Amino acid sequence: MSAPNAGDTAWVLVCAGLVLFMTPGLAAFYGGMVRTRNVLAMLQQNMIALGVVSLTWVLVGYTIAFGDDAGSGLFGNLELFGLTDLKVPPAPNLHVVDGRITIPTLAFVLFQMMFAVITPALVTGATAGRLRFGGWVLFLAVWSIVVYAPIAHWLWHPGGWLAKFGTQDWAGGLVVHASAGAAVLAVLLVVGRRRDWPHTAAPPNSIPLTIVGAGILWFGWFGFNGGDGLQANGLAAQAVLNTHLAAAAAMLVWLALERVTDGHSTVVGAVSGAVAGLATVTPTAGYVNAASAVAIGALAGLVCHFALKLKYLLRLDDALDVLAVHFVGGMLGTLLLGLFGNRGVNPLGADGLFLGGGGGLLWRQLVGVVSVVAFSFVLTWLIAAGVQALIGLRVLLADQERLDQAQQGADAYHLGGVTSLTAPGAPRRRTAAAPVGEPAVPPGQRVRVVTALLEPDPAANSADLRDALLRAGAISVIVSDAAVATTTPQASLLPRGYWQDQPLSARLRVTVLVGADGVGAVLDELDRMGARRSDTFVQEAERVQS
């Protein structure tokens with residue numbers, strides 16, 4: 001038996017690290033697009049998969065997926081339970097590749113573990129705001145064993161029934177994206193819709209966070225698709241190149257469609273298109289040439305963009321469009337392999353319809369799609385319904401808009417409009433505070449309280465705002481956040497072309513304590529800063545004895 005190849009082993013281990021990095025990338029990608037008070041919950045729902053699924057994979061998931069076939073082509077036997085007996089590396093039946101693959105078994109275990117981790121995490125984007133944490137943890141554990149591991153056996157083990165049938169899946173169009181997409185359909189039927197959906201939408205809390213997450217996903221996808229040949233060779237380079245080209249083509253097509261349909265090409269649209277291209281090229285990356293990868297990416301941008309309407313047709317509250325991007329993308333790429341497959345790129349593949357191979361591969365791909373989707377949907381619904389009945393999978397309605405506080409007792413952000421105001425001067429070390437002088441108005445004397453609403457932009461400099469009001473005669477100035485009702489709601493652009501009317505608009509509320517003689521000057525300064533007299537009030541007050 002050949003000794004493990006050092007170069008191939010190093011490549012697979014690096015790719016395992018890249019795929020691991022995709023899970024926090026997915027957390028950031030989703031986390032930036034949920035409400036401010038649900039950010040921590042979304043991050044935790046993704047990160048917990050690293051803990052739960054890693055253990056279920058070592059204990060029983062790996063042996064079901066890659067243990068010797070039990071005889072039916074449906075799952076492996078339990079001889080590798082807990083990885084207590086891995087035999088001499090390389091263990092048999094590692095992957096649907098030829099016998100020249102020589103990497104340690106544990107390197108393969110680790111690489112495949114990361115796929116098992118990120119697959120169920122995809123579901124969290126669809127169920128944003130509705131998952132009970134304990135129920136989600138139980139669901140992750142059961143789903144990774146009962147659904148993911150058998151599907152991986154079907155397609156990535158030489159004895160799997162779909163592998164023997166001839167269905168191909170390079171890196172997870174079926175095993176990852178189609179299985180997770182079908183799971184989304186089932187889980188949404190159990191957890192239902194958010195309050196008032198589809199009449200209200202959830203504005204993103206941090207589009208920059210989403211873009212960072214998308215960048216991590218794109219980077220990690222090089223390992224996701226590049227490592228599946230388990231060798232550091234030309235085929236790995238082809239897979240990585242195809243991955244990048246498909247993402248680029250899908251991004252450009254998505255942006256063009258956004259421009260035509262919505263009038264704007266947005267950065268969220270750019271990364272949405274890229275992720276759609278990455279998901280769609282995944283089953284084909286090691287089986288097609290570069291030109292085909294560009295075509296596959298372009299079709300992904302087109303089809304997945306129009307698939308955004310799918311959730312409204314199905315009346316399913318898919319919060320972050322997992323169905324359109326991952327489910328449709330995974331199935332589309334699997335079927336496109338039946339058209340673009342090229343044995344000249346990979347002799348272990350098959351020629352598709354466009355390369356003279358006839359419709360045989362396309363038929364086998366279609367059977368794979370139907371089988372995986374049906375299996376994942378039915379089993380996932382049973383698991384989700386069981387968890388809901390046992391400990392609950394859906395959160396209480398009252399907690400949907402405050403998951404961070406309800407589940408973690410914390411908030412992701414502690415900034416408001418007031419603390420975001422700028423001020424002049426370089427940063428400096430803390431010095432002793434200047435002594436506070438006597439109040440300008442003695443206690444017990446009558447004063448006036450002036451309250452006004454300002455647009456945040458004209459009052460962007462906190463020092464200017466303070467100094468102007470003090471020069472006008474203000475005794476004290478208090479600034480706080482406010483939201484005012486508008487007669488004409490402001491249209492707010494949400495990610496992926498959705499719009500929402502905002503009946504409340506953000507303002508700064510300025511409360512000024514001033515003597516009676518200074519009211520006019522304070523009102524003039526507030527007018528200069530954009531306050532409207534109809535939103536400004538003057539009240540009599542009395543300074544309280546300290």
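Helices and strands are DSSP runs, helices of at least four residues and strands of at least two, numbered from the N terminus. In the predicted model examined here, L230 is found in the loop between α7 and α8, the latter spanning residues 234-262. The chain as a whole contains 16 helices and 4 strands. Of its 546 residues, 51% are buried. Among contacts in the chain with a separation of 6 or more, 78% are accounted for by residues 24 or more positions apart.

Backbone geometry was considered next. Most residues other than glycine have a negative phi. L230 is not a glycine, yet has a positive phi of about 60°. Because its relative accessibility is 0%, below the 20% limit, L230 counts as buried. D321 likewise is not a glycine and has a positive phi of about 60°. The position of D321 is in the loop between α11 (310-314) and α12 (322-340). With a relative accessibility of 3%, D321 also counts as buried.

A further loop residue, T282, lies between α9 (267-281) and α10 (290-306). T282 has a relative accessible area of 0% and is therefore classed as buried. The side chain of T282 reaches the backbone oxygen of L278 at 2.7 Å. Although T282 and G172 are 110 residues apart in sequence, their C-alpha atoms are 6.1 Å apart in space. When neighbours within four places in sequence are left aside, T282 is in contact with W170, A171, G172, G173, H177, W221, F224 and N225. Three of these contact partners, H177, W221 and F224, recur in the lining of an internal cavity described below.

Internal space was then examined. Rolling a probe the size of a water molecule over the atoms shows where empty space is left. The search gave 4 cavities of 30 Å³ or more. The second largest cavity holds about 60 Å³ of space. Its lining is formed by M22, L26, I118, L122, V176, H177, L217, W221, F224 and H326. By residue class, this lining divides into 8 nonpolar and 2 polar residues, with no charged residue. Three helices, α1 (6-31), α6 (173-191) and α7 (207-226), each supply at least two residues of the lining. Helix α7 provides the largest share, 3 residues. The lining of the second largest cavity thus includes H177, W221 and F224, which are also among the residues in contact with T282.

Two buried residues within helices were also examined. Q365 is found in helix α13, which covers residues 360-390. Q365 counts as buried because its relative accessibility is 0%. The side chain of Q365 reaches the backbone oxygen of T334 at 3.0 Å. Not counting residues up to four places away in sequence, Q365 touches G166, T167, Q168, T334, L335, L337 and G338. T334 is accordingly both the residue whose backbone oxygen is reached by the Q365 side chain and one of the residues that Q365 touches.

The second helical residue, L526, is found in α16, comprising residues 519-528. L526 counts as buried because its relative accessibility is 1%. The C-alpha atoms of L526 and V510 are separated by 9.0 Å, the two residues being 16 residues apart along the chain. V510 is also one of the residues touched by L526; with residues up to four places away in sequence not counted, the full set is V450, A452, L454, L469, V510 and A531.

Finally, aromatic side chains were surveyed across the whole structure, and 18 aromatic pairs were found. One of them is formed by W57 and F66, in an edge-to-face arrangement with 6.2 Å centre to centre and 75° between the planes. The angle of 75° is over 60 degrees, so the pair is assigned as edge-to-face. W57 is buried, with a relative accessible area of 1%. F66 likewise counts as buried, at 2% relative accessibility. Both W57 and F66 belong to one aromatic cluster, which W57 and F66 form together with Y62, F108 and Y148.

Note on methods
Residues numbered from 1 in each chain as written. Predicted model: local features only at pLDDT ≥ 70, side-chain atom pairs only at ≥ 80, totals over all residues. Heavy atoms only, no water. 1 Å grid on protein atoms, 1.4 Å probe; cavity = no way out; pocket = protein on both sides within 12 Å on 5 of 7 lines; lining within 4 Å. Points joined across faces, edges and corners; volume = space filled by probe spheres on them. Nonpolar A, V, L, I, M, F, W, Y, C, P; charged D, E, K, R; others polar. Buried < 20%, exposed > 50% of the residue type's maximum accessible area, 1.4 Å probe, protein only. Polar contact = N/O pair within 3.5 Å; in protein donor to acceptor, adjacent residues only side chain to side chain. Contact = heavy atoms within 4.5 Å. Phe/Tyr/Trp six-rings, centres within 6.5 Å; stacked < 30°, edge-to-face > 60°.
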